[in-house]
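Open your viewer and get ready to select a few residues at a time. Each stop below says what to pick next and what you will find there.

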Amino acid sequence: GLEVIDELLRAARVINVPVAKHHSLSRVTIGMKNWFGVIGDGRNRLHQSIHRAIAELGASFRPTLTVVDATRVLLAGGPQGGSLADVRAVNAVAAGTDPVLCDAWGAAQLGIEPGTLGFIVEAEQRGLGRSDLALVDELGTA
């Protein structure tokens with residue numbers, strides 16, 4: 001069966017810190033897709049309906065805070081490979097309490113319209129958050 005890290009389920013607060021990158025099946029890996037990493041053996045079965053599975057994981061693991069690392073993003077070749085030619089320096093980080101908006105922002109950093117990603121559409125329909133990039137407040141640069 002699917003094994004889930006018990007500590008994650010017992011935690012009072014959870015911070016998800018994904019790196020924005022390309023994925024061959026889901027098109028991107030950001031916060032909600034990052035939850036695949038907490039599942040042990042059997043996670044390959046989730047790939048058959050990957051967008052639904054990502055939205056379901058997003059509903060199961062609700063982070064207190066999501067911090068998306070887009071300092072350097074992988075635009076192609078993920079998750080198996082990629083090359084330095086596929087990496088673009090964005091030099092940006094987003095932090096938020098809305099995991100759907102954080103994923104939408106991360107997708108935009110990869111040049112992908114968030115509304116074209118099935119898991120973002122499904123997560124928004126489930127009430128897990130909003131994908132409207134107009135909700136993002138840019139605080140500036142370091």
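Start by selecting threonine 29, which counts as buried because its relative accessibility is 8%, under the 20% cut-off. Keep in mind throughout that this is a predicted model.

**Stop 1: strand β3 and its surroundings**

Threonine 29 belongs to strand β3, which covers residues 27-29. Now show what touches threonine 29, ignoring neighbours within four places in sequence: you should see Val19, Ala20, Lys21 and His23.

Next, move to valine 28. Which residues is valine 28 in contact with, once neighbours within four places in sequence are left aside? The list is Lys21, His22, His23, Lys33, Leu110, Ile112, Leu117 and Phe119.

**Stop 2: the nonpolar core**

Keep valine 28 selected and add Trp35, Val68, Leu117 and Phe119: these five have the most contacts inside the largest nonpolar core, a set of 34 residues. Colour by secondary structure and you can follow where this core comes from: α3, β4 (65-74), β5, α4 and α5 each supply at least two of its residues.

**Stop 3: helix α3**

Select residues 50-60 to bring up helix α3, and then pick out its buried residues, Ile50, Ala53, Ile54, Ala55, Leu57 and Gly58. What do the buried residues of α3 pack against? Show β2 (19-23), α2 (31-34) and α5 (118-125), and you have the partners.

**Stop 4: a salt-bridge network**

Stay on helix α3 and show the side chains of arginine 52 and glutamate 56. They meet in a salt bridge, 3.3 Å from N to O. Both residues sit in α3, four residues apart, about one turn of the helix. Arginine 52 counts as partly exposed because its relative accessibility is 43%, and glutamate 56 is partly exposed too, at 33%.

Now add arginine 126. Glutamate 56 also forms a salt bridge with arginine 126, and here the closest N and O atoms are 3.6 Å apart. Arginine 126 is in the segment after α5 while glutamate 56 is in helix α3, so this pair ties together parts that are 70 residues apart in sequence.

Then add glutamate 122, whose side chain meets that of arginine 126 in a salt bridge of 3.0 Å, N to O. Arginine 126 is partly exposed, with a relative accessible area of 38%. Glutamate 122, at 21% relative accessibility, also counts as partly exposed, because the cut-off for buried is under 20%. Through shared partners, the salt bridges join Arg52, Glu56, Glu122 and Arg126 into one network. How many salt bridges does a search of the whole structure find? It finds three.

**Stop 5: helix α4**

Select residues 99-109, helix α4. Is α4 mostly covered or mostly open? It is mostly covered, with ten of its eleven residues buried. To see them, pick Pro99, Val100, Leu101, Cys102, Asp103, Ala104, Trp105, Gly106, Ala107 and Gln109. Then show β2, α2, β4, β5 and α5, which are included in what covers the buried residues of α4.

**Stop 6: the end of strand β5**

Keep Cys102 on screen and select glycine 96, which lies in strand β5. Leaving aside neighbours within four places in sequence, glycine 96 is in contact with Cys102, Leu65 and Thr66. Try a distance label between the C-alpha atoms of glycine 96 and threonine 66: they are separated by 5.5 Å, although the two residues are 30 residues apart along the chain. Glycine 96 counts as buried because its relative accessibility is 14%.

**Stop 7: the largest pocket**

For the last stop, turn on a surface or pocket display. The largest pocket holds about 570 Å³ of space. It is lined by 20 residues, and those closest to its centre are Val93, Ala94, Val136, Asp137 and Glu138, so select these five to centre your view. Which strand gives the most to the lining of this pocket? Strand β5 does, with seven residues. Both β5 (87-96) and α4 supply at least two residues of the lining. Colour the lining by class to finish: twelve residues are nonpolar, five are polar and three are charged.

How values were computed
Residues are numbered from 1 along each chain as its sequence is written. This is a predicted model: local features need pLDDT of at least 70, side-chain atom pairs count only at pLDDT 80 or more; totals for chains, interfaces and linings use all residues. Side-chain values use heavy atoms; hydrogens and water are left out. Buried means under 20% relative accessible area, exposed over 50%, partly exposed in between (1.4 Å probe, protein chains only). Contact means heavy atoms within 4.5 Å. On a 1 Å grid over the protein atoms alone, a cavity is a set of points where a 1.4 Å probe fits but cannot get out, and a pocket is an open set with protein on both sides within 12 Å along at least five of seven lines; lining residues have an atom within 4 Å of a point. Grid points are joined across faces, edges and corners, and a volume is the space filled by probe spheres set on the points. Ala, Val, Leu, Ile, Met, Phe, Trp, Tyr, Cys and Pro count as nonpolar, Asp, Glu, Lys and Arg as charged, and the others, Gly among them, as polar. A nonpolar core is a set of buried Ala, Val, Leu, Ile, Met, Phe, Trp, Tyr and Cys residues joined through side-chain atoms within 4.5 Å. A salt bridge is a side-chain nitrogen of Lys or Arg within 4 Å of a carboxyl oxygen of Asp or Glu.
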